Amino acid sequence: WLTPAYDAETQAEVKRMLENEDKTELIEAFYKDLEFGTGGLRGIMGVGSNRMNIYTVGAATQGLSNYLKKNFKDLPQISVVVGHDCRNNSRLFAEVSANIFAANGIKVYLFDDMRPTPEMSFAIRQLGCQSGIILTASHNPKEYNGYKAYWSDGSQVTAPHDKNIIDEVEKITEVDQVLTGRNPRNIRALGTDFDELYLNKIYELSLSSESVKRFHDMKIVYSPMHGAGVRLVPESLKRFGFTNVQMVPEQAVIDGNFPTVESPNPEERKTMSMAIDLAKKVKADLVLATDPDSDRIGVALPDENGEYVLLNGNQTLVLLMTYQLTRWAELGRLNGHQYVIKTIVTTEMVDAVADYFKVKCYECLTGFKYIAKIIRGHEGTDMQYIGGGEESFGYLAGDYVRDKDGVSACSLAAEAAAWVRDTMGISLYEWLKQLYVKYGFYQEGLVSVVRTGKEGAELIQRMMVDYRANPPKEILGSLVVKINDIQTLESFDVRTGKKTHLEQDKSNVLQWYTEDGTRVCVRPSGTEPKIKFYFGVKATLPSVADYEKVRAELNDKIERIKKELKLV
């Protein structure tokens with residue numbers, strides 16, 4: 001890194017770290033290579049082999065280029081899409097990547113400015129490209145950036161391509177292996193004309209334009225969290241017919257330092273506080289937010305006292321999916337050939353809603369690439385995808401995008417709010433409570449147990465071995481009646497001893513189901529030194545008036561399960 005192969009600024013920074021008495025910074029920057037994992041690269045920005053910089057990004061792009069040239073060698077022209085969000089260096093990394101693809105003879109569609117991740121996914125499909133990348137670290141803190149690789153169907157890469165790309169990236173060990181000769185003829189800019197195509201596709205999802213006409217001036221507060229949703233979410237809401245959308249002014253400023261939040265994650269109440277404060281001031285009917293690359297959605301709704309409740313990802317998913325299914329049914333579009341998708345740790349309320357509408361519900365591993373894989377598997381059949389999502393604040397309506405889409409989710413959430421006002425005279429929050437009365441009150445919880453270092457990793461593996469050998473016989477006095485092992489793809493009926501095969505991808509995950517409808521899911525993280533426990537409990541909600549009482553009982557039940565499993 002001190003040779004002329006690296007730029008002067010990089011060399012100077014390495015020298016500074018070498019000369020510093022405290023070698024911590026140097027060690028952190030170089031003690032390993034930043035790994036190109038199954039989702040791509042993600043790391044802290046800076047100089048060094050373990051950092052996000054033009055050299056690590058360059059090696060990743062050359063590796064991906066080499067794999068594309070092998071995989072699509074019979075195509076006369078390979079093409080890719082390159083997108084980026086608002087993060088510091090995202091544009092630089094995008095341009096470096098575009099130049100390397102172009103130098104490899106690959107045609108590049110480079111967005112002229114930051115764009116939402118879902119629009120990049122849409123572009124791959126729309127333009128018939130073989131791959132695409134987006135420079136984003138999603139909702140991570142400002143020090144981070146990332147590089148996500150996508151395949152020809154617009155989804156993040158899955159097996160076997162993920163491992164094969166990793167192999168190619170690992171072969172790039174020297175800077176001079178990366179082709180950098182400029183070839184601008186191979187780069188084409190994507191601008192506002194392309195946004196039109198994407199926004200028009202989103203508008204095709206609209207189900208209740210008459211309701212929107214009657215409640216077009218419903219007060220909506222929106223925060224783009226300094227990121228890529230700033231232009232497209234308000235524009236999409238406008239196309240749906242909403243005329244009273246207020247952006248949080250401080251957070252409408254594009255800034256990769258995210259000056260108004262610790263972490264730009266709409267899952268966290270303190271991150272949403274500025275939007276909620278504005279909503280209180282203007283008495284908004286709905287608060288929406290997207291993370292910096294605008295794939296995740298945050299929703300807050302006023303309760304009967306005017307206090308704003310931040311929905312969790314399961315609640316947002318249930319509202320959006322139930323809205324879609326209800327309207328599809330009313331419009332006569334359901335004919336038994338539709339399906340929805342959820343992940344294995346997402347609320348089982350989705351199953352209850354799907355059953356009610358006689359729509360098939362598929363379950364898959366955590367991660368939108370697995371949702372995309374199921375959609376891909378149904379292409380060319382008479383089965384039609386409606387919507388799907390996961391508990392971590394991601395939803396996808398329609399199949400023209402193959403990753404979670406905060407832009408379309410915001411538009412549908414606003415339309416759902418207008419529709420319930422128009423048809424029932426109630427708020428979206430009130431409707432959520434009514435859904436709990438109709439389908440059962442499902443409540444979820446999560447505990448992450450962190451165990452660091454080599455010992456920690458071994459302990460986590462031992463926990464999974466022990467749980468497989470000695471699963472709990474009962475949870476809070478309710479018998480465990482079914483055990484799903486996603487690693488062996490076996491579902492075990494404890495009462496009959498019968499085993500059935502599970503149709504999905506393998507993963508080191510266990511699920512325990514009890515007689516009273518409780519579900520516990522145990523899943524070691526693939527990227528961090530922790531093991532996650534997901535809890536799902538349910539009860540009957542006699543009436544909306546009983547909501548707070550039953551909610552408190554369910555939360556208490558989750559706390560008691562945590563204690564029984566010795567997790568707190």
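This is a guided tour of a predicted model, stop by stop, with a selection to make at each one.

**The whole chain**

Start with the full chain shown as a cartoon. You should find 17 helices and 23 strands. The radius of gyration is 24 Å, close to the 24 Å that the globule rule gives for 568 residues, so the chain is as compact as a globular protein of that length. If you switch to the C-alpha trace and line up the view with its principal axes, the spans are about 75 × 60 × 50 Å. Now colour by accessibility: buried residues make up 57% of the 568 residues.

**Strand E12 and its neighbours**

Next, select residues 338–343, which form strand E12. Are the residues here buried or exposed? For E12 the count is 6 buried out of 6, so the strand is mostly covered. Turn on the side chains and look along the strand. Gln338, Val340 and Lys342 point one way, while Tyr339, Ile341 and Thr343 point the other way. Residues on both sides of E12 are buried, Lys342 among them.

Keep E12 in view and add residues 384–390, strand E14. E12 and E14 are parallel partners, joined by 5 bridges. To find one contact of this pairing, pick Gln338 and look across to Gln384, its bridge partner in E14.

Then add residues 360–364, strand E13. Here too the pairing with E12 is parallel, over 5 bridges. Which residue of E13 stands opposite Lys342? Pick Glu363 and you have it.

One more selection completes this stop: residues 349–356, helix H12. Follow the path from E12 through H12 to E13, and you trace a right-handed β-α-β unit.

**Lys358, on the way into E13**

Stay in this part of the model and select Lys358, in the loop between H12 and E13. Its phi is positive, about 55 degrees, although the residue is not a glycine. Most residues other than glycine have a negative phi, so a value of this sign deserves a click. Lys358 has a relative accessibility of 68%, so it counts as exposed.

**His226, another positive phi**

Now jump to His226, which sits in the loop between strand E7 (220–223) and helix H9 (229–240). The phi of His226 is near 70 degrees, again a positive value in a residue other than glycine. Is His226 buried or exposed? With a relative accessible area of 0%, His226 is buried.

**A cis peptide bond and strand E5**

Select Ala159 and Pro160 together and show the backbone atoms. The peptide bond from Ala159 to Pro160 is cis, with omega near 0 degrees. Most peptide bonds are trans. You will find Pro160 in the loop between strand E5 (144–151) and helix H6.

From there, go back into strand E5 and pick Asn145. Asn145 has a relative accessible area of 0% and is buried. For a distance check, add Gln11: the two residues are 134 apart in sequence, and their C-alpha atoms are 21 Å apart in space.

**The second largest pocket**

Helix H6 also leads to the next stop. Select H3 (54–71), H4 (90–103) and H6 (161–170), each of which supplies at least two residues to the lining of the second largest pocket. Which helix gives the most? That is H3, with 6 residues.

To centre the view, pick Tyr55, Thr56, Ala59, Ile172 and Val175, the lining residues that lie nearest the centre of the pocket. In total, 29 residues line the pocket, and the space inside is about 760 Å³. Colour the lining by class and you will see 16 nonpolar, 7 polar and 6 charged residues.

**Strand E23, between two partners**

For the last stop, select residues 530–539, strand E23. Of its 10 residues, 8 are buried, so E23 is largely enclosed by the rest of the structure.

Add residues 441–450, strand E16, which runs antiparallel to E23 and is joined to it by 10 bridges. Then add residues 519–524, strand E22, which pairs with E23 in the antiparallel sense over 6 bridges. Finish by picking Phe533 in E23: Val447 has Phe533 as its bridge partner, and so does Val522.

Conventions:
Residues numbered from 1 in each chain as written. Predicted model: local features only at pLDDT ≥ 70, side-chain atom pairs only at ≥ 80, totals over all residues. Heavy atoms only, no water. Buried < 20%, exposed > 50% of the residue type's maximum accessible area, 1.4 Å probe, protein only. Helix = DSSP H or I, 4+ residues; strand = E, 2+ residues; numbered from the N terminus. Pairing = 2+ DSSP bridges. Right-handed = clockwise from strand over helix to strand, strands pointing away. 1 Å grid on protein atoms, 1.4 Å probe; cavity = no way out; pocket = protein on both sides within 12 Å on 5 of 7 lines; lining within 4 Å. Points joined across faces, edges and corners; volume = space filled by probe spheres on them. Nonpolar A, V, L, I, M, F, W, Y, C, P; charged D, E, K, R; others polar. Rg over C-alpha atoms; globule rule 2.2 N^0.38 Å.
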